[in-house]
Amino acid sequence: MLDAIIVGQVIQRVREEKRMSQELVSGLAGIGRTHLSAIERGERKPTLETFYKLSLAMGIRPSALLKEIENEVELQKAEYELQVAKDQQRKAEDDVLTLQG
C-alpha cells in the first residue's frame with residue numbers, strides 16, 4: 001500500500017523542482033489549491049484521475065511520476081532497514097559491554 005505522505009512528498013518535490021506554484025499546478029489540473037496542499041501534506045490520497053491530471057499539469061508522464069514514488073518508497077525502506085541494523089548492532093555491543101563489566 002502506498003503511503004499518502006510519500007506520494008505527497010514526491011508530488012511536492014517534483015512541483016518545486018519545476019518551479020511551479022500550487023496555484024499554477026492546481027489550476028492546470030482543475031483541482032482546488034487546498035486539495036493539492038492536502039495531497040502534498042499526505043492528508044489526502046489523490047484518485048487515479050487526479051494523479052493523472054497533476055502529473056500532466058507538471059509536465060511529467062504519470063508513469064514517470066509513479067516511478068519517482070516507487071524510488072522514494074525503496075529509498076525510505078532501505079534507510080529504515082539500515083537504521084534497524086544499526087540499532088541491533090548498538091544493542092549487541094551494549095550487551096557485550098554489560099557482560100564484560
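Accessible area here comes from the Shrake-Rupley method with a 1.4 Å probe. Keep that in mind for the surface view. The model is predicted.

**Whole chain, surface on.** Show the surface of the full chain. About 6900 Å² is exposed, and carbon and sulfur atoms supply 54% of that area. Now color by burial. Buried residues account for 32% of the 101 residues.

**Whole chain, cartoon on.** Switch to ribbons and walk from the N terminus. The elements run α-α-α-α-α. That is five helices and zero strands. The chain is more spread out than a compact globule, because its radius of gyration is 19 Å, well over the 13 Å that the globule rule gives for 101 residues. Turn the C-alpha trace along its principal axes: the spans are about 65 × 25 × 25 Å.

**Contacts.** Next, display contacts with a separation of 6 or more. Residues 24 or more positions apart make 60% of them.

**The largest pocket.** Which residues line the largest pocket? Select Leu2 and Val7, then Lys45, Pro46, Thr47, Leu48 and Phe51, and finish with Leu66 and Ile69. Helix 4 (48-57) and helix 5 (62-100) are the elements that each give two or more residues to this lining. Color both helices to see them beside the selection.

Color the lining by class. Seven of its residues are nonpolar, one is polar and one is charged. Stay on this view and fill the space. The pocket has a volume of about 170 Å³.

**Last stop.** Zoom back out to the ribbon. Keep the pocket selection on, with helix 4 (48-57) and helix 5 (62-100) still colored as contributors to its lining.

Terms used. Residues are numbered from 1 along each chain as its sequence is written. This is a predicted model: local features need pLDDT of at least 70, side-chain atom pairs count only at pLDDT 80 or more; totals for chains, interfaces and linings use all residues. Side-chain values use heavy atoms; hydrogens and water are left out. On a 1 Å grid over the protein atoms alone, a cavity is a set of points where a 1.4 Å probe fits but cannot get out, and a pocket is an open set with protein on both sides within 12 Å along at least five of seven lines; lining residues have an atom within 4 Å of a point. Grid points are joined across faces, edges and corners, and a volume is the space filled by probe spheres set on the points. Helices (H or I, at least four residues) and strands (E, at least two) are DSSP runs, numbered from the N terminus. Ala, Val, Leu, Ile, Met, Phe, Trp, Tyr, Cys and Pro count as nonpolar, Asp, Glu, Lys and Arg as charged, and the others, Gly among them, as polar. The radius of gyration is taken over C-alpha atoms; the globule rule is 2.2 Å times the number of residues to the power 0.38. Buried means under 20% relative accessible area, exposed over 50%, partly exposed in between (1.4 Å probe, protein chains only). Contact means heavy atoms within 4.5 Å.
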